[in-house]
Amino acid sequence: MELSSSLDLLTDKLVSVLEKEASLLTEVGAEIDEIKLELKAIRAFLEDVDTSLGVVPISETDKQWVASVRDIAYEVEDVVDEFMFHFNKQQQWRGKPTKFFLKLIHFPKTLLFRHRIAVQLQDISKRIKSIAQRNQRYPISRSESRKSDKQIRREYHRNNWVNNLSESTLFFKDVDLVGIDKAQNELLGWLLDEELQRTVISVVGMGGLGKTTLVANTFNKQVVKKQFDCCAWITVSQQYIVTELFKCIIKELYGKAKEKMDPVINLDSMNYRDLVEALVNFLQPRRYLIVVDDVWSTNLWQDISIALPANMNGSRILLTTRKDDIASFEFGVVKHIFPLKHLPFEESMTLFFKKSFVGKGGQCPPYLEPSARKLVAKCQGLPLAIVALGGLMASKSSIAEWNGVYDNLNQELSENDTYFERLKYISLLSYHDLSYTLKQCFLYCCIFPEDCKIKRKRLIRLWMAEGFVEPLKETLPEVVAERYLSELICRGLLQVERRNESGRPRALKMHDILREFAVSISKSIKFVAKSDGKEEVEDDGIRRWSIEAKENEIKAASKTALYRVRSLFVFAVEETSKSSFNRLPSGFKLMRVLDLEDIPIEELPDELMNLFNLRYLNLKGTQVKKLPKSIGKLYNLQSLLMKRTQIKELPAGIVKLKNLRFLIAFGCNVNPMAFDCKFGPVVPSNICLLSNLHVLSFVDARGDFIKQLSKMVQLRRLGVTNVKEADEKYLCSAIAKMTHLQSLRVKSCNGDEQVKMDALESAPPDLRKLALVGKLEKVPHWFNSLDSLTGLKLHWSRLRDDFLPHIQALPNLVRLGLLNAYEGERLDFLEGFQKLKVLSIMRCPRLKEILINRGVMPGVQELFIVKCQELTTLPDDWESLPDLNEFFFV
């Protein structure tokens, strides 16, 4: 549920409107105030409903009530946005020299519009009160009595198996388990080693990976039982009472110990102090093993550690959790972390066959194997999903039945309670534990196609544009959004596919199963609609439309439906849709987000420039050659992304985009290793007026742009091309003032022009990425101040002297790229480069020999040597690099 937080955003918007132009709202201010009070009153109820979801199911009547409130909230947003649309047009009209009679003509239209808005708001206010009164007639407290017998039986059954699920894994037979041997051997090594200090071992991974199953099977091994004097298993879950946990541990310990519990002791009558004392006295002289299953909070350790003495007997505490921050918690003792991975494909097949062909000894008939492979691939190594799917397929024997399940698997996951109820419940426990804002952020990821690699920066900018990022004083919204992302990753709801040189996620992915559940939730609350662009979108209040186009034209939809849509994503998922797009649908009057990445559209619709509400415009990889001159009308725009386009000049009106934070634009030529492989567009000289701009990347330094650059001290990322030697003084002066700069790319106007930057005394303190493209006489003296640098590119530098001593001591350098950077015959990596992971050396025409001393770049993982014609032998001692897993020499 995302409604309560969206209502909060709407409330803020209403207040903002009132403050912004009170004179225009003389007829609607009272109605807005009334609606605001009603929405706030309703929000308290919605918070309770949202908190209970996933724990206590709500009735169908309550679901309908919540849906009614959501639809009303969306209508309020529509009315307010429409008012702001007309208000914006009037503001633009006010600013122009207009004759008196034109004002007289427009004034009655303004009055009529204000009156219409007031009537709409009055009607909405009445309907809100009507909904609230209806709920009073059928209050939440009566929900239990309205549940059907089927619902009650289902809830009882679910609560029963949830309570017993953890303990049931203690009785799984080895023959039923697949792919745990390697993981188990590592756990056994930590459990049985000679370390005498109390040790905490954490098994961490997303729901359904088999953490509990692995730990239970290990716990039951006789070799483990013999190692410890006493053992106990407790299941914690999200809600727990610490005294009850202590009682469970005591029962387990005494139940398995030789001595019996004193009959005088009555656990029910023991208070907290008595329980702690009993545990400490029992455990202090013993070597104990305590398994703590399903931990959701670091508070648990603070609650129970006092009763688990830190003796020197080799005691162990083994816990399972979904959250990385718990596994990484400083327990104040020896600790080990075991991140559980997804099953490899062949082991996934073995597990699937065990469940699908129980009566056939796990043997799959050859004619079903191709279908089985497709089904197992959808599970992506998630054991719980494999087991559930295997159970479903056990009753099906024909190819048609198997293919039918595969073709309709998304629907099966959403609707088939019999086989997927446990999978859905366990998978979504982490989702239901999220805050309102994080639920929105998670659901938003299902907008992207299946198996899509979601770029971190793209996702963060989208969250900002949608208004999901809550403002915090003195904290940039990008930083807040990064925290949201870290939380979703920590909980296993998003997977990191690739990291950058700083270790931050570069690309992310949703597990297919989680994605299908997110799609199902999003559809039910009208958060996202997905289509292939062939069918018209229904007018049902959907706010976001994700089109996975399979043809080169999207069928026009009714303008009424599009009017409600705030975000449009178009993905070309097949070759037929990647030739040329004829047109986009129209009617998006109040849109906030338009994402057309890699869509071969050539021209932007004229009406696009009327989207005053637009926050995010992504044209990356399109065939657009120019922006409209009226781009300045999009005054709310935050992100304008034009990577890999053919836009060579930005219109003068771009300086009117006062809210713009990200301006990224460059074109690419065919040869990626050519000097002019990238080019930036020409920008107006007064681009410095964009005082909120944080990223300005790959723009052409013509005119007096470099002289104006010193005014843009707020920049975090700067890329500038076509720089001349004469620009050195002004460029260095500007960079020196950019104390927040994290990424810098400077490219000279041609291959023979020097990149002169010696006038810079020291680099910005937070500079993490640096690329210098152009001739260098020597490495700039300020390289010794690059303490934060993680990535360095020297392209077309053509240095004659050995430059490695100037960079070998950089403490955080992870990635080094050299392209035509050196004209010598030998490169000697004699020392340093202690954190380097990626080294690429390309097009060094005279290079004949590379020496890598032992102990240099010990952590390098990737080594690329490309088109160095004179280099005929591999680098000396390259085989001594212990972590090298990718080597490319051509």
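**Exercise 1.** In β4, what is the bridge partner of Val 203? Place the pair in its sheet.

*Solution.* A quick note before we start: this is a predicted model, with local features needing pLDDT of at least 70, side-chain atom pairs counting only at pLDDT 80 or more, and totals for chains, interfaces and linings using all residues. Residues are numbered from 1 along each chain as its sequence is written, and side-chain values use heavy atoms, leaving out hydrogens and water.

Step 1. Val 203 has Thr 320 as its bridge partner in β4. Strands here are DSSP runs of E, at least two residues, and helices are runs of H or I, at least four residues, numbered from the N terminus.

Step 2. Zoom out to the strands: β1 (residues 199-204) and β4 (residues 316-321) run parallel, joined by 6 bridges. Two strands count as paired if DSSP finds at least two bridges between them.

Step 3. Now the whole sheet: it's open, with 5 strands in the order β2-β3-β4-β1-β5 and parallel pairing. β2 (230-235) and β5 (334-339) each have a single partner strand, so one side of each has no neighbour in the sheet. From one strand to the next, the twist averages 15°; axes are lines fitted to C-alpha atoms (for helices, over the stretch in contact), and angles run from 0 to 180 degrees between N-to-C directions.

Step 4. Add helix α8 (residues 211-219), which packs on the sheet, touches β1, β2, β3, β4 and β5, and makes about 165° with the direction of β2. Contact means heavy atoms within 4.5 Å.

**Exercise 2.** What span should helix α22 have, and which of its residues are buried?

*Solution.* Step 1. The expected span is 1.5 Å times one less than the number of residues. For the 14 residues of α22 (residues 477-490) that gives 20 Å, and the end C-alpha atoms are 20 Å apart, so the two agree.

Step 2. Buried residues (under 20% relative accessible area; exposed is over 50%, partly exposed in between, 1.4 Å probe, protein chains only) in α22 include Glu 478, Tyr 484 and Leu 488.

Step 3. Among the elements covering them are α20 (436-444), α21 (456-466) and β7 (495-499).

Step 4. Just past the helix, Gly 492 takes a positive phi of about 80°.

**Exercise 3.** Is Phe 833 buried or exposed? Look at its backbone too.

*Solution.* Step 1. Phe 833 is buried, at 2% relative accessible area.

Step 2. Phe 833 sits in the loop between β23 (826-829) and β24 (838-842).

Step 3. Though not a glycine, Phe 833 has a positive phi of about 55°.
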